[in-house]
Amino acid sequence: MGTSLRDSGGAVKEPGALYQPYIVGDGLSIIFRDHEISDLIGFVYYKWDAKKAADDLIQRLYRIKYSLPKGRPFLVPIILDGENAWEHYQKDGRDFLRYLYERLSKEDGIRTVTVSEYLKEHPPEARIENLFPGSWISSNFSIWIGHEEDNLAWDMLTETREELSIFSRLNPDANLEGAWKSLYIAEGSDWCWWYGDEHTTETQAEFDELFRANLTKVYNVMGKDVPPKLLIPILKEDRSIKPTTAIRGFITPQIDGEITSYYEWYQAAYLEVSRMGGTMHRAESLMTRIYYGFDTNNLYLRADAKKPLSEIFNGMTLSFQFIKPPHLKLDIDRGQIEAKIYKRVNSEWQFYKAIENVAIKDILEVTVPFSELGVKQGDEIGFSLSLLKNGDEIEKWPWRGFISLEVPGPEFEAIMWQ
């Protein structure tokens, strides 16, 4: 507005400008909070006697009333940051609120309304042409944007919204109410409050999981495959999972679905499934271990279960989802005992190539040539393993994050022995 609304002592110089709504852009109504009142309720009144605090607020409202031009109503917005204020008050603020509501119910010069009620009776007339974007913290958005985790979350949200918008236009009769609801939930600002390095909480992983779950539901409602990136944590420290035992040398196992020799997988890495868990994986797992290893040309994968896989695998699919390189997955169905590589093209999985060197008996074993993954020495491979039944995911390991390894060169074993 080109002017300061308060003097050097903090008093409002132009109350008529602060306590009225405005029109911005193509008819958006906007109001501004009196941050002094908000800060008193949020950070000061909890130290006072409850009745004195309520009386002080009423007196301040009347001082505002008497400072305003006569002959028209004005709006004094009282805007707080959610429920955060009341945990500091005696009795969670009940006494303060009781005294305040009692006073407000008896005052003839003050009327309590919602913002919508006020705007309906008194539509804004003044217009603001230049609105500075920012938040109530440092007048910018640095808490919510800029960090790698923040940006990744916004990218996922943007891509999901674009997918849903296109699908909605192409399928005007589809019931997408659930998809839009989940998308709107994911658009809440609190998700990115916990991404980045500004804030921490013991439940950051749960926030991350729920954010991606809401975006995942959008794809489920549309009947589309969920992009693999939504299965991977946005939180950096949760992405790459350290194995129970790391790779120590080259392996070339016999792919027969049996533990032919103790030493054929001895140099491989493995994850102990029983040592992993999460809020969405409380049930007892069918899988016990995931092995992975390599030689100079191939990636070798193995999955162990509590019972011989051939006994429990009917009607199920084991799916290795590759995050790096992206847009690849390897599915193994019990029906034909054939591993199939799929590539994601234009949001759809398309069959790429079959791999015959696979076996399921007591365990699953499969050979995946590096050339079929399109990777070379020094490239990172990242994957997770899902157990599917009728297309629905029963288990996923790691439940959060992915297994990571680097494509070796011929000198790998020599380096390991140094």
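**The largest pocket and strand S7 in a predicted model**

The largest pocket of this predicted model has a volume of about 1,400 Å³.

Student: Which residues lie nearest the centre of the largest pocket?

Tutor: The lining of the largest pocket consists of 33 residues. Five of them are named as lying nearest its centre: Phe32, Arg33, His35, Ser135 and Trp136.

Student: Which helix gives the most to the lining of the largest pocket?

Tutor: Helix H1 (15-18) and helix H2 (35-44) each supply at least two residues of this lining. The greatest contribution is five residues, and the helix that makes it is H2.

Student: How many residues of the lining of the largest pocket are charged?

Tutor: The lining residues can be divided by character. Among them, 17 are nonpolar and twelve are polar. The charged residues number four.

Student: Is Leu301 in strand S7 buried or exposed?

Tutor: Strand S7 covers residues 298-305 and is mostly covered. One side carries Asn298, Tyr300, Arg302 and Asp304, whereas the other carries Leu299, Leu301, Ala303 and Ala305. Both faces are covered, and Leu301 is buried.

Student: In which sense do S7 and strand S13 pair?

Tutor: Strand S13 comprises residues 364-369. Within this pairing, Arg302 stands opposite Glu365 in S13. S7 and S13 are joined over six bridges, and the sense is antiparallel.

Student: How many residues lie between S6 and S7 in their hairpin?

Tutor: Strand S6 (residues 287-294) pairs with S7 in the antiparallel sense over seven bridges. Tyr292 stands opposite Leu301 in S7. The two strands form a hairpin, and the number of residues between them is three.

Student: Why does Ile290 count as buried?

Tutor: Ile290 is found in strand S6. A residue is called buried when its relative accessible area is under 20%. Ile290 therefore counts as buried, because its relative accessibility is 1%.

Student: Which residue of strand S7 does Ile290 touch?

Tutor: Residues up to four places away in sequence are not counted here. The contacts of Ile290 include Ala269, Tyr270, Leu271, Val273, Leu385, Trp397 and Ile403. A further contact belongs to S7, namely Arg302.

Student: What separates the C-alpha atoms of Ile290 and Gln59?

Tutor: Along the chain, Ile290 and Gln59 are 231 residues apart. In space, the separation of their C-alpha atoms is 68 Å.

How values were computed. Residues are numbered from 1 along each chain as its sequence is written. This is a predicted model: local features need pLDDT of at least 70, side-chain atom pairs count only at pLDDT 80 or more; totals for chains, interfaces and linings use all residues. Side-chain values use heavy atoms; hydrogens and water are left out. Buried means under 20% relative accessible area, exposed over 50%, partly exposed in between (1.4 Å probe, protein chains only). Helices (H or I, at least four residues) and strands (E, at least two) are DSSP runs, numbered from the N terminus. Two strands pair if DSSP finds at least two bridges between them. Contact means heavy atoms within 4.5 Å. On a 1 Å grid over the protein atoms alone, a cavity is a set of points where a 1.4 Å probe fits but cannot get out, and a pocket is an open set with protein on both sides within 12 Å along at least five of seven lines; lining residues have an atom within 4 Å of a point. Grid points are joined across faces, edges and corners, and a volume is the space filled by probe spheres set on the points. Ala, Val, Leu, Ile, Met, Phe, Trp, Tyr, Cys and Pro count as nonpolar, Asp, Glu, Lys and Arg as charged, and the others, Gly among them, as polar.
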